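I opened a notebook for this model and wrote down what I looked up, entry by entry. The structure comes first, then the notes.

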Amino acid sequence: MRHLSLFSLLAALLWIVTAVQADDPARDLDRPGPTPELPPQQDRGKSQLPANNPEGPLVIPHRTRGHQVDLRHNRCMDCHGDQAPEEIRATPLPSSHLRDRDGKKHEGMSGGRQDCRTCHVPDHRTGQEAWGGH
Amino acid sequence: MRELLNHYWKLLRQPPVHLSLGLLSLGGFIMGIIFWGGFNTAMEYTNTEQFCISCHEMEDNVMAELQHTVHYNNRSGVRATCSDCHVPHEWTNKIGRKMEASKEVWGHLFGTIDTREKFEDKRLEMAQREWRRLKANDSLECRNCHAFEYMDLSEQAPMAQEMHHKALDTGEGTCIDCHKGIAHELPDMEDVPRWPEGWLE
């Protein structure tokens, strides 16, 4: 009898785990999601793309070929920094990027954010369709 | 020996007796062609990439970097060589740049940039010289291959379109104002404007 209840407990657990997993979008990684549509250009200062995951790093909707990112120069900041010209209309760095992991605010970008492409990856579908990149 | 030399020296200083003026001028003409040709061939040779990277300073740094860029490897297979971007086409400017380059040969002999560290230390200074030159000639070397007139802006990325439209409309800004580091790695750009001056409030 004890064996039986242990067995059904395990079975129930297994069922719960699979049910939860079936709902997990991470399991569908191979299936392409909908391509975000780019609304007409809006004000600089607000993201122009819908985020798949509001908490996560946004995909890069343009090509990054040849963009130098190292200790000497960070090409991303030429457009996403506060020195960029109005016409570029790139979303400026969010304030989260100026804080370190202890929440302390820094003058410039915090050290852990320097190498943008550890978190942000180019999305070639949006890149191709919305921003004409390769 | 001395006498023999003296004899020939005199002979040389005498006005020609046996040769006609026509033959002489023809001779001079032919020699001229040979020298001129030789000079230009030598000039041509110094324009080849093989020559440019015959010193390791160039091969290990800028050439290695160029190889990762669109100007070395791209879908259309058209590529730019060192002299396309660094040597003016017009003859007087070309000679000017070559005279400048002879100073660079000294640099090579004295090892001014013979390690990666020394190269990096000097990079900003060297880059600034090229930016000044391209700024002064309205990016002539870029425009030998690229021309706004023949660019289909509608095929370009939206931000490229907008920037190019504005540059065309205002007449402000030349290619190198916005496209620094197109062929090599950039030095610390802290104090270098990345966009045309006057565009930023």
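**Entry 1: a loop in chain B.** I started with S139(B), which is buried at a relative accessible area of 0%. Buried means under 20% relative accessible area, exposed means over 50%, and partly exposed is in between, with a 1.4 Å probe and protein chains only. S139(B) lies in the loop between α7 and α8 of chain B. Its phi is positive, about 55°, although S139(B) is not a glycine. I then looked up D138(B), which lies in the loop between α7 and α8 (140-143) of chain B. The phi of D138(B) is also positive, near 55°, and D138(B) is a residue other than glycine. D138(B) is partly exposed, with a relative accessible area of 38%.

**Entry 2: what I am looking at.** I noted that this is a predicted model, in which local features need pLDDT of at least 70 and side-chain atom pairs count only at pLDDT 80 or more, while totals for chains, interfaces and linings use all residues. Residues are numbered from 1 along each chain as its sequence is written, chains are lettered from A and ligands numbered from 1 in the order in which they are written, and side-chain values use heavy atoms, with hydrogens and water left out.

**Entry 3: confidence.** I looked up pLDDT, the predictor's confidence in each residue, from 0 to 100. Chain B has a mean pLDDT of 85, and 97% of its residues reach 70 or more. Chain A averages 72, and 60% of its residues score at least 70. In chain A, the pLDDT is below 50 over residues 40-45, a stretch that has 15 contacts in the model beyond near neighbours in sequence. Contact means heavy atoms within 4.5 Å. Residues 126-134 of chain A also stay under 50, and the model has 28 contacts for them beyond four places in sequence. Where pLDDT is low, the predicted coordinates should not be read in detail. For the model I also copied down ipTM 0.72 and pTM 0.82.

**Entry 4: helices.** How many helices and strands does chain A have? I found three helices and zero strands. Helices (H or I, at least four residues) and strands (E, at least two) are DSSP runs, numbered from the N terminus. Among the elements of chain A, helix α3 (residues 124-131) has the lowest mean pLDDT, 47, and helix α2 (residues 76-80) has the highest, 92. Chain B comes to ten helices and zero strands. Among the elements of chain B, helix α1 (residues 2-13) has the lowest mean pLDDT, 76, and helix α10 (residues 175-178) has the highest, 95.

**Entry 5: chain B as a whole.** The radius of gyration of chain B is 24 Å, where a compact globule of 201 residues would have one near 17 Å. This radius is taken over C-alpha atoms, and the globule rule is 2.2 Å times the number of residues to the power 0.38. Along its principal axes, the C-alpha trace of chain B spans about 80 × 40 × 35 Å. Of the 201 residues in chain B, 27% are buried. I noted for chain A that 22% of its 134 residues are buried.

**Entry 6: helix α4 of chain B.** Which residues of helix α4 (residues 56-66) of chain B are buried? They are E57(B), N61(B), V62(B), M63(B), E65(B) and L66(B). Seen down the axis of α4(B), these buried residues fall within an arc of 160°, so they line one face of the helix. The arc is that of the directions from the helix axis to the C-beta atoms. The cover over them includes α3 (49-52), α6 (91-109) and α7 (116-136) of chain B.

I followed L66(B) further, and its relative accessible area is 7%, which counts as buried. Leaving aside neighbours within four places in sequence, L66(B) is in contact with H71(B), Y72(B), R79(B), A80(B) and A183(B). The C-alpha atoms of L66(B) and H184(B) are separated by 5.6 Å, although the two residues are 118 apart along the chain.

**Entry 7: cysteines.** I searched for disulfides and found zero over all chains. A disulfide is counted as a pair of cysteine sulfur atoms within 2.5 Å. Why does C55(B) have no bond to C52(B)? The closest cysteine sulfur to that of C55(B) is in C52(B), 8.5 Å away, which is too far for a bond. C55(B) counts as buried at 17% relative accessibility. For C85(B), the closest cysteine sulfur is in C142(B) at 6.1 Å, also too far for a bond. C85(B) counts as partly exposed at 32% relative accessibility.
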